[in-house]
Every structure is written in structure tokens, then in C-alpha cells.
Amino acid sequence: MRLVSIQRLLRRGAITNLAKMLARMHPADIANVIDHLSSLKEKREIFELVRGDVKRGQVLSELDGESITLVLSDLLPSDAAWLLKDLGSDDIAYILSVIPNDRAKEILALMRTEDSTEIADLLKYPKGTAGGIMTTEFFALFEDATAQEAIRRLQQATDAEMVFYIYVTDKEDRLVGVLSLRQLLTVPPATPLKNIMTRDLISVAVDMDQEEVSRQVASYNLLAIPVVEKDGKLVGIITVDDVVDVIREEATEDMLKMAGAIEEDAMFKSSSMAAARVRLPWLFTNLVGSLLSGMLLWMFRYTIQEVVAIVSFIPVIAAMGGNVGLQSSTLIIRGLATGLVELTDVWKIFFREAKIAFLMGIACSLMLTVVGWLWHQVFLGMVVGVSLITAFLVSTSMATVMPIVLKRMGVDPAVAAGPFVTTANDITGIAIYLTLATIFLEQIR
């Protein structure tokens with residue numbers, strides 16, 4: 001509704017009303033509006049109407065990469081640097097990473113030396129890693145510091161991102177412990193931090209994949225997780241708000257991969273040629289599968305000629321088997337992505353899914369048997385029912401095992417399992433049905 005209202009005010013040229021409306025909106029909501037505006041002129045106009053450099057900077061940090069590039073394209077490097085000065089180092093690194101490299105260097109050169117050095121270090125880490133999404137604004141103290149000193153330092157800390165935990169380091173800045181604010185406030189003032197800190201802590205390496213980082217934060221119910229170098233030196237933290245963004249991105253990416261699409265395609269920002277190029281391999285796989293299904297029908301043409309009624313149930317067998325397989329593969333792929341399914345769980349999951357497939361097959365096959373009996377004849381209905389149960393079991397088995405096998409081979413199951421399972425299930429379902437129909441041809445004539 002806000003987007004519609006803002007577009008209406010833009011068309012009317014009601015700048016004063018528009019500025020008042022934007023003043024009442026949260027930066028994230030303004031960014032969402034800008035992202036959805038199609039006109040470059042409208043994007044820039046809305047951004048320029050945001051009052052206050054701090055709020056404009058916050059809006060900038062919430063925009064997607066394309067909108068950031070468009071909005072900053074007309075700003076002088078000095079103006080852009082001024083907007084970024086109050087943002088966190090991780091937000092600045094994100095903004096600079098999505099704009100052209102030369103422009104990013106110009107802006108970085110105009111920032112304060114300590115800030116530019118910090119951000120340049122963050123930009124060195126590969127995208128999609130813990131280092132790429134961490135912030136260097138955290139609160140850490142030496143292990144010999146007392147609780148009283150920690151509280152005093154905490155009261156003076158203005159640059160720390162969000163003080164969820166107090167990290168404790170040794171003289172070489174290696175992470176040795178962590179403690180909560182509650183622990184700090186419930187001990188005598190003279191107590192050294194090394195006496196109250198938790199030594200058994202959870203941390204991640206700078207090169208860890210962001211998906212694994214989000215999994216650890218979710219598994220251990222953390223509000224922030226420390227990031228360390230190989231030697232154990234504390235270099236940053238990843239807060240829960242960044243983890244939520246990662247979880248959303250990874251879930252979207254997996255869903256799009258299963259459909260043979262890309263993120264830019266989902267946001268309607270990729271060119272038609274690029275979208276077609278990404279989608280075609282997935283469709284070609286299904287095309288080959290459909291041709292193989294056609295070959296199967298040709299191989300069994302004499303059976304079909306003898307009893308044409310067999311054709312009535314071919315679409316049913318193929319569709320039902322494919323749907324059951326898709327249900328199982330989706331659950332397994334998502335489970336592997338979130339860590340709910342481990343590679344060692346293969347047999348337990350296999351037997352569970354097979355049992356579910358059998359129960360569903362019994363229910364559906366009974367209905368299909370009755371339909372076949374009323375429509376054609378009783379024995380054909382029985383063949384169709386048995387074929388459906390068998391197709392369910394085979395489809396579920398392939399859909400359960402294939403993603404796990406691909407994961408063991410180092411292949412992303414979301415990319416390969418989807419088209420393969422769908423195609424294979426269609427072929428096997430038809431093959432099972434026509435094979436049984438051929439075996440019992442005399443009875444179903």
C-alpha cells in the first residue's frame with residue numbers, strides 16, 4: 001500500500017506530502033519502496049527526499065545492489081563518503097562491494113584513515129564467507145581486566161555494534177573466553193574476567209561458508225558469534241540480524257536452484273537472454289526425460305494396441321509418482337541445507353520415507369482400483385493399483401537417496417536432484433505400469 005501511495009504522490013508532484021510520509025517511515029521500509037520503483041528518476045527522487053544524513057545512510061545500507069549503484073551514481077564521492085560515515089563497517093563494506101571498483105576506491109580514500117583501513121580489510125574476504133559478513137565493531141577485554149573495569153569500559157563504548165556478549169582475549173588478541181552482561185553484573189567488582197568467563201565457547205573461522213555460520217548460530221541459539229583467524233585471533237563478530245539475512249538468502253537460493261532459476265530472475269532484474277540461458281539446462285533435462293517416456297510408450301505399443309484402456313492411467317501414474325518423489329526430495333534437500341538431515345541418517349530416513357510412501361500408495365491405489373474397475377474392468381483396476389504402489393515406493397527411494405548421494409559427491413543437491421528426480425520418476429512410473437500391464441495382458445483384455 002505504501003508503494004502505491006508513494007507512486008501516486010510522485011505522479012502528482014506532491015513533494016511536501018511525500019517528504020512528510022518518508023519522515024514517518026523506517027529506513028528499511030523506504031529502502032523496500034526504492035527497490036520496487038522501476039524508474040531511475042523515481043529512485044533518486046525518493047532517496048533525495050529522505051531527511052537527515054544518518055537516515056539516508058541507513059536507507060542506503062538496506063537497498064539491494066542495483067539500487068545502491070543507481071542512487072550513488074550521481075553523488076560526488078565526498079557526499080557518498082559523508083553518508084557512510086555513521087554506518088557499521090560491515091554495512092559500508094557491503095555497499096562498496098556492490099558498486100564499481102574505481103568508485104569504491106574513490107569513496108574509501110575520502111573516509112577517515114582508521115575506518116578506511118578497517119573496511120579495506122573486510123573487503124578482502126570472499127563474498128559468502130564469515131569474513132565477508134562480519135563486523136569489526138565488537139567489545140573485547142583482556143582476561144586480566146576486572147569486572148569493575150569492564151563495566152566502566154562498557155559504559156564508554158560507543159562504537160561497538162551491539163553488546164550481546166563480552167569477549168575475552170589474551171595479550172596476543174586470541175579469543176580465550178566469553179561472558180554475558182548478567183555474569184558481569186553479579187560478581188564482586190574486583191573479580192578478574194578470567195575467573196568468570198566461559199572457556200568452552202563457539203566461534204567460526206573467517207573462511208567458513210555463511211550458510212554454515214547461520215546453522216551454528218541457529219543450533220546454539222546465539223545472538224552473535226565471534227570470528228577468528230587460524231591462529232585464534234579475534235577479528236570480528238557476526239550478529240543475529242546478519243544471520244537472518246543469510247538464512248533468507250540461502251533458502252531463496254536453494255528454492256530457485258531447484259526450479260532452475262537465479263536470484264536476479266526471481267527479482268525480475270535479469271535480462272531475458274540471461275534468464276533463458278540459466279533455465280534451459282533444467283528444461284533440457286526434462287525434455288530428454290519426456291523423450292525417454294515417449295520411447296517407452298513406443299516399446300509397449302503392441303500392449304497398448306491390444307488394450308487401449310491402458311492409456312487412461314498413464315498420466316495418473318506418471319504424475320502421482322513424480323509428485324511423491326518431489327515431496328521427498330524437497331524435504332531431504334531442505335534438511336541437508338539446514339543441518340536437520342545428516343549424511344549418516346540415510347538409512348533411517350530411507351525406511352521412514354518408504355513407509356510413508358507405502359501408506360500413501362495403499363490409500364491412492366484403492367481409490368484408483370475402484371475407478372479402474374468401474375470405468376473399464378476389475379483386473380485392469382488391480383494392475384493400476386499395484387503399479388501405483390510400486391511407483392510410489394521406487395520414486396520415494398530415488399528421491400530420498402539421490403540428494404544424499406549427490407551431497408557425498410560434493411554436488412549441490414538443490415541443483416541436480418530436482419530435475420533428475422522428476423524426470424526419473426516419470427520414466428520409472430510409466431515403465432512399471434506398462435510392464436505389469438504386459439505381464440497380465442491376457443487377464444485385462
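**Notes on the predicted model: cores, sheets and a few residues**

1. Let's start inside. The largest nonpolar core has 64 residues, and the members that touch the most others are Ile 6, Ile 46, Leu 84, Leu 96 and Ile 238. This core takes at least three residues from domain 1 (2-133) and at least three from domain 2 (140-250). Please keep in mind throughout that this is a predicted model. A second core lies apart from that one; it has 28 residues, including Ala 309, Leu 368, Ala 391 and Ile 427.

2. For orientation, here is the overall division. The domain assignment splits the chain into domain 1 (2-133), domain 2 (140-250) and domain 3 (263-444). Taken over C-alpha atoms, the centres of domain 1 and domain 3 are 47 Å apart.

3. Leu 96 deserves a second look. Setting aside residues up to four places away in sequence, Leu 96 touches Leu 84, Ala 104, Ile 107, Leu 108, Ile 119 and Leu 123. Leu 96 also takes part in a helix contact, which is the next point.

4. Two packed helices are described by the angle between their axes and the distance between the axes. Here helix H8 (residues 89-98) and helix H10 (residues 113-123) cross at roughly 60°, and their axes come within 9 Å. The crossing of H8 and H10 is right-handed. On the H8 side the contact is made by Ser 89, Asp 90, Ile 92, Ala 93, Leu 96 and Ser 97, and on the H10 side by Glu 118, Ile 119, Leu 122 and Leu 123.

5. Which residues does Arg 103 contact, leaving aside its neighbours within four places in sequence? They are Leu 72, Ser 73, Leu 75, Leu 76 and Pro 77. Arg 103 sits in helix H9 (residues 101-109). With a relative accessible area of 18%, Arg 103 falls under the 20% cut-off and therefore counts as buried. The C-alpha atoms of Arg 103 and Ser 73 are 8.9 Å apart, while the two residues are 30 residues apart in sequence.

6. Now the sheets. One open sheet has 3 strands in the order E1-E2-E3, with mixed pairing. Its edge strands are strand E1 (140-142) and E3, each pairing on one side only. On average, neighbouring strands of this sheet are turned by 30° against each other, direction ignored.

7. Within that sheet, strand E2 (residues 165-169) and strand E3 (residues 175-180) run antiparallel and are joined by 5 bridges. Two of the partners in E3 can be named: Gly 177 is the bridge partner of Val 168, and Val 178 is the bridge partner of Tyr 167. E2 and E3 form a hairpin, with 5 residues between them.

8. The hairpin turn holds a residue you may want to look at. Most residues other than glycine have a negative phi. Asp 173, however, has a positive phi of about 65° although it is not a glycine. Asp 173 lies in the loop between E2 and E3. Is Asp 173 buried, partly exposed or exposed? Its relative accessibility is 32%, so Asp 173 counts as partly exposed.

9. Another open sheet, also of 3 strands, has the order E4-E5-E6 and mixed pairing. Strand E4 (204-205) and strand E6 (234-239) are at the edges; each has a single partner strand, so one side of each has no neighbour in the sheet. E4 pairs with strand E5 (residues 224-228) in the parallel sense, over 2 bridges. Ala 205 stands opposite Val 228 in E5. Helix H15 (residues 210-220) packs on this sheet and touches E4, E5 and E6, its direction making about 135° with that of E5.

10. Following H15 brings us to Asn 221, in the loop between H15 and E5. Asn 221 has a positive phi, near 55°, in a residue other than glycine. Its relative accessibility is 67%, so Asn 221 counts as exposed.

11. Lastly, a polar residue inside a helix. Ser 328 belongs to helix H20 (residues 314-338). The relative accessible area of Ser 328 is 3%, so this serine is buried. Apart from neighbours within four places in sequence, Ser 328 is in contact with Glu 353, Thr 396, Ala 399 and Thr 400.

Notes
Residues numbered from 1 in each chain as written. Predicted model: local features only at pLDDT ≥ 70, side-chain atom pairs only at ≥ 80, totals over all residues. Heavy atoms only, no water. Pairing = 2+ DSSP bridges. Helix = DSSP H or I, 4+ residues; strand = E, 2+ residues; numbered from the N terminus. Contact = heavy atoms within 4.5 Å. Axes fitted to C-alpha atoms, helices over the stretch in contact; angles between N-to-C directions. Core = buried A, V, L, I, M, F, W, Y, C linked by side-chain atoms within 4.5 Å. Buried < 20%, exposed > 50% of the residue type's maximum accessible area, 1.4 Å probe, protein only. Domains from an automatic or database assignment. Left-handed = near helix turned anticlockwise from the far one by under 90°.
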